[in-house]
Amino acid sequence: MTKVALFGAGGKMGVRLSLNLAKTDFDVAHIEISDPGKDRLRAEVGVEAVDAETGLEGAEVVILAVPDTVIGKVAAKVVPGLAPGTMVVILDAAAPYAGHLPERDDITYFVTHPCHPPIFNDESTEAGRKDHFGGVAAQQGVVNALMQGPEEHYALGESVAKAIYAPVARSHRVTVEQMALLEPGLSETVCASLLVVMREAMDEVVSRGVSYDCARDFLLGHMNILGAVIFDEVEGQFSDACNKAIEFGKPALMRDDWKKVFEMDEVAASIQRIT
């Protein structure tokens, strides 16, 4: 069995990973320093936490399930003592792209992140339909980057990714730079911002006299059909009136140069703000 040392095992994300790893053949050492985290591990996963020294002994894979803001500090303590050939798995591209990982040529850095269950899916169970985050019952995609290390390590990293984010429908290989374009670029800077604007727009309609339930039903229903057409889920086309509304609405809402958020200096600045 491959031994995995999971740092931050008692955190919110760590517990998710611990529960999924318990269903695999990986030999997992759960590393957690906080008392609440240790209690959480004991209560929700049924395992006892170990210290870093014990957990790292013989570990072939080290997963850093810790916040982006502390990955650099944790990695600086952990990486220098790892055996050559050890794989370090990071769950987000921010810290790796920002250069917060120690330089060491004889270890592998593997970055993986979930896509989360898609809006359009064929989940047949109630648990699957309610698993919006993923990693419990709903199928989701994952993106992986072999930042450094031998090519044959990609298969091991991907197997870890599929285990911690299970059930996984599709696995996509990207570069660390491409992952940074996806997040924070596509998912947070663009998608999250526009969704917040949509919620604010719904609240504005409610403030003008439409009931909350009515406005929510109307908006989410239109998000469903409009999104299905825009993102190639179904074949269809918008009415002339809708196309005209988009023609005049988009410049009223968006700056002409909005795509500059995908310039790598802009992405780097965004990452620096969150790390």
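Colleague: How many salt bridges cross the interface of domain 1 and domain 2?
Modeller: Zero, by the rule. A salt bridge needs a side-chain nitrogen of Lys or Arg within 4 Å of a carboxyl oxygen of Asp or Glu. The model is predicted: local features need pLDDT of at least 70, side-chain atom pairs count only at pLDDT 80 or more, and totals for chains, interfaces and linings use all residues. Side-chain values use heavy atoms, without hydrogens or water, and numbering starts from 1 along each chain as its sequence is written.

Colleague: What about residue pairs in polar contact across the interface of domain 1 and domain 2?
Modeller: Zero again, with both residues required at pLDDT 80 or more. The test is a pair of N or O atoms within 3.5 Å; within protein, one must be able to donate a hydrogen and the other to accept it, and residues adjacent in sequence count only if both atoms are side-chain atoms.

Colleague: Which kinds of residue make up the side of domain 1 that touches domain 2?
Modeller: Four nonpolar, no polar and no charged. Nonpolar covers Ala, Val, Leu, Ile, Met, Phe, Trp, Tyr, Cys and Pro; charged covers Asp, Glu, Lys and Arg; the others, Gly among them, are polar.

Colleague: Where do domain 1 and domain 2 run?
Modeller: The assignment gives 3–174 for domain 1 and 189–273 for domain 2. Such bounds come from an automatic or database domain assignment. Four residues of domain 1 and eight residues of domain 2 form the contact, meaning heavy atoms within 4.5 Å. The C-alpha centres of the two domains are 32 Å apart.

Colleague: How much area do domain 1 and domain 2 bury between them?
Modeller: About 580 Å², with 75% of it on carbon and sulfur atoms. Buried area is the accessible area (1.4 Å probe) lost when two parts are put together, summed over both. On the domain 1 side, Tyr97, Ala98 and Phe120 lose the most, together 83% of what that side buries.

Colleague: What makes Asp39 and Arg42 a salt bridge?
Modeller: Their side chains meet at 3.0 Å, N to O. The cut-off is 4 Å, so the pair qualifies. The whole structure holds ten salt bridges.

Colleague: Why are Asp39 and Arg42 separated by about one helical turn?
Modeller: Because they sit three residues apart in helix H2 (residues 35–45). Helices (H or I, at least four residues) and strands (E, at least two) are DSSP runs, numbered from the N terminus.

Colleague: What makes the bond joining Ala166 and Pro167 cis?
Modeller: Its omega is about 0 degrees. Pro167 is in the loop between helix H7 (153–164) and strand S7 (168–173). A second cis peptide bond joins Glu183 and Pro184, with omega about 20 degrees. Pro184 lies in helix H8 (residues 176–207).

Colleague: What is notable about phi of His116?
Modeller: Phi is near 75 degrees, a positive value in a residue other than glycine. Most residues other than glycine have a negative phi, and most peptide bonds are trans. His116 lies in the loop between strand S5 (108–114) and helix H6 (126–130).
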